[in-house]
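Here are some notes to read with the model open beside you. Take the points one at a time and find each place on screen as you go.

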Amino acid sequence: MGNLIQKNVILMVDLRSDTLTKPTAAMREAIFTAEVGDDVFGEDPNVNRLQEMMVEITGKEAALFVASGTMANQICIKTHTQPGNEIIVEHNSHLFNYESGAPALLSHIQVMPIQGIRGSFTREQVEQVIRPLNVHHPKTALVCIENTHNRSGGSIFPFDDIKRISELSKEKNLKLHIDGARLWNASVATGIPIKKYCDLAHSVSMCFSKGLGAPVGSIVLGTRQFIDQARYYRKAFGGGMRQAGILAAAAIYAVENHVDRLAEDHRRAKILGKFIRNLPGIEFDPESLQTNIVIFNVKNSGMSGQQVVELLARKGVKMLTFAGTKMRAVTHLDISDDDIQKAISVLGEVFNSKQ
Ligand SMILES: Cc1ncc(COP(=O)(O)O)c(C=O)c1O
């Protein structure tokens with residue numbers, strides 16, 4: 001509960017990210033009792049079980065447990081490309097903005113960003129930027145989509161657009177990767193099974209440490225041959241973990257217990273968004289709010305994003321700001337209905353006192 005004050009310490013309602021969740025007591029129990037082995041030898045029973053579960057859920061041939069969403073994406077890029085290639089991404093994507101320049105650093109490739117709407121783009125937009133085979137150009141090797149799209153407010157990439165881009169990638173002999181850090185959220189919100197999304201892509205990365213609330217870990221999915229090569233790069237990137245079963249046990253618990261409840265996060269984000277939309281000085285695109293991320297702009301409030309962050313934090317609510325006046329609030333496993341009510345009342349105090 002965010003609004004309890006104990007011994008002068010304000011308990012924060014922390015809406016900065018869905019990566020902030022702490023393992024629940026039951027998840028800690030699963031970690032505590034996990035059997036382990038050496039996963040670099042392929043002998044950790046929980047890692048193997050998690051990988052098998054994810055093959056079952058996604059319909060892909062094989063799976064590889066890795067340390068983070070960034071590592072999952074970067075291993076996929078490395079496996080799909082040759083140095084000097086070009087990959088097509090959306091200009092607000094995580095891959096392009098928040099992975100430390102890793103496509104250039106690790107895979108020696110260049111990135112062609114295209115301008116999407118709420119993080120989504122069309123087959124026609126991809127067609128326009130595929131390079132002709134010519135000695136002057138880099139070879140276009142890969143298209144990456146992000147579903148849901150973090151920086152656009154957890155927006156869902158329309159299934160039919162993914163399908164059309166997937167068809168194009170086959171026609172043009174390109175690979176298609178889905179950064180599905182929050183594909184769980186897209187599936188719960190649309191009712192489209194994860195398998196149907198995964199059928200359309202050569203590789204998929206998915207996270208356990210966001211909406212699902214596990215402390216660490218992501219998965220790479222693809223053909224057996226792709227995963228064999230990905231395993232090699234995981235080791236080369238320093239991601240070969242040993243008794244990783246304590247992490248895999250938490251991820252298994254999360255997959256078994258925390259997927260359906262994502263609908264709760266989506267419902268709470270909608271309540272928050274509905275309130276934010278009517279605050280003075282706020283710009284908000286209601287269509288962007290499709291899952292658990294609320295993005296809004298405070299540029300007409302007379303305050304900078306940083307000022308809003310500080311005012312909210314003084315009253316016990318944490319949010320993030322980026323790009324000057326853009327703000328982000330994310331609902332997750334550790335946010336209750338009472339926490340949302342507290343966030344609403346604090347937002348009301350901060351913005352209405354500015355009028
Ligand atoms: C869409 C998306 N992809 C990838 C990542 C990277 O995940 P990690 O922080 O585990 O490296 C994030 C992190 O928030 C994300 O939002």
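**Notes on the predicted model**

1. Let's start with a pair of strands. Strand β7 (residues 140-146) runs parallel to β8, and the two pair over five bridges. If you want one spot to look for, find V143: its bridge partner in β8 is L176. Keep in mind throughout that this is a predicted model.

2. Stay with β8 for a moment. This strand covers residues 175-180, and six of its six residues are buried, so mostly covered is a fair description. Which residues point which way from β8? K175, H177 and D179 go one way, while L176, I178 and G180 go the other, and all of them are buried. That fits the textbook pattern: in a regular strand, side chains alternate between the two faces of the sheet.

3. Next, helix α3, residues 69-80. It has 12 residues and reaches 17 Å from its first C-alpha to its last, close to the 16 Å expected at 1.5 Å a residue. Is this helix enclosed or open? Since 12 of the 12 residues of α3 are buried, the helix is largely enclosed by the rest of the structure. Among those buried residues are G69, M71, K78 and H80.

4. One residue of α3 deserves a closer look: N73 is found in that helix. Why does N73 count as buried? Because N73 has 28 C-beta neighbours inside 10 Å, and 20 or more is enough to be called buried. Leaving out residues up to four places away in sequence, N73 touches L95, E99, D179 and S205. Check S205 in particular: N73 and S205 are 132 residues apart in sequence, yet their C-alpha atoms are 6.2 Å apart in space.

5. Now the ligand. The residues around it are S68, G69, T70, N73, H94, E146, N150, D179, A181, C207, S209 and S218. You'll recognise N73 and D179 in that list. What does α3 give to this shell? Three residues, the largest share. By class, the shell has two nonpolar, eight polar and two charged residues.

6. Zoom out to the domains. The assignment for the protein chain gives domain 1 (5-18 + 261-352) and domain 2 (25-257). Their C-alpha centres lie 28 Å apart. Where they meet, 15 residues of domain 1 are in contact with 16 residues of domain 2. On the domain 1 side, the elements giving two or more residues are α12 (262-277) and β11 (293-297). The largest share of that side, four residues, comes from α12. By class, the side of domain 1 that touches domain 2 has seven nonpolar, six polar and two charged residues.

7. Finally, some backbone oddities to check. Most residues other than glycine have a negative phi, and most peptide bonds are trans. The peptide bond from N147 to T148 is cis, with omega near 0°, and T148 lies in the loop between β7 and α7 (159-171).

8. Two more residues go on the list for their phi angles. S100, in the loop between α4 (94-97) and α5 (102-107), has a positive phi near 60° without being a glycine. R118, in the loop between β6 (110-114) and α6 (123-129), has a positive phi of about 50° and is not a glycine either. Are they buried or exposed? S100 is exposed, with 11 other C-beta atoms within 10 Å, whereas R118 counts as buried, with 22 C-beta neighbours inside 10 Å.

Key:
Residues are numbered from 1 along each chain as its sequence is written. This is a predicted model: local features need pLDDT of at least 70, side-chain atom pairs count only at pLDDT 80 or more; totals for chains, interfaces and linings use all residues. The expected span of a helix is 1.5 Å times one less than its number of residues. A residue is near a molecule or strand if its C-beta atom, placed from the backbone, lies within 6 Å of it. Ala, Val, Leu, Ile, Met, Phe, Trp, Tyr, Cys and Pro count as nonpolar, Asp, Glu, Lys and Arg as charged, and the others, Gly among them, as polar. Domain bounds come from an automatic or database domain assignment. Two residues are in contact if their C-beta atoms, placed from the backbone, lie within 7 Å. Two strands pair if DSSP finds at least two bridges between them.
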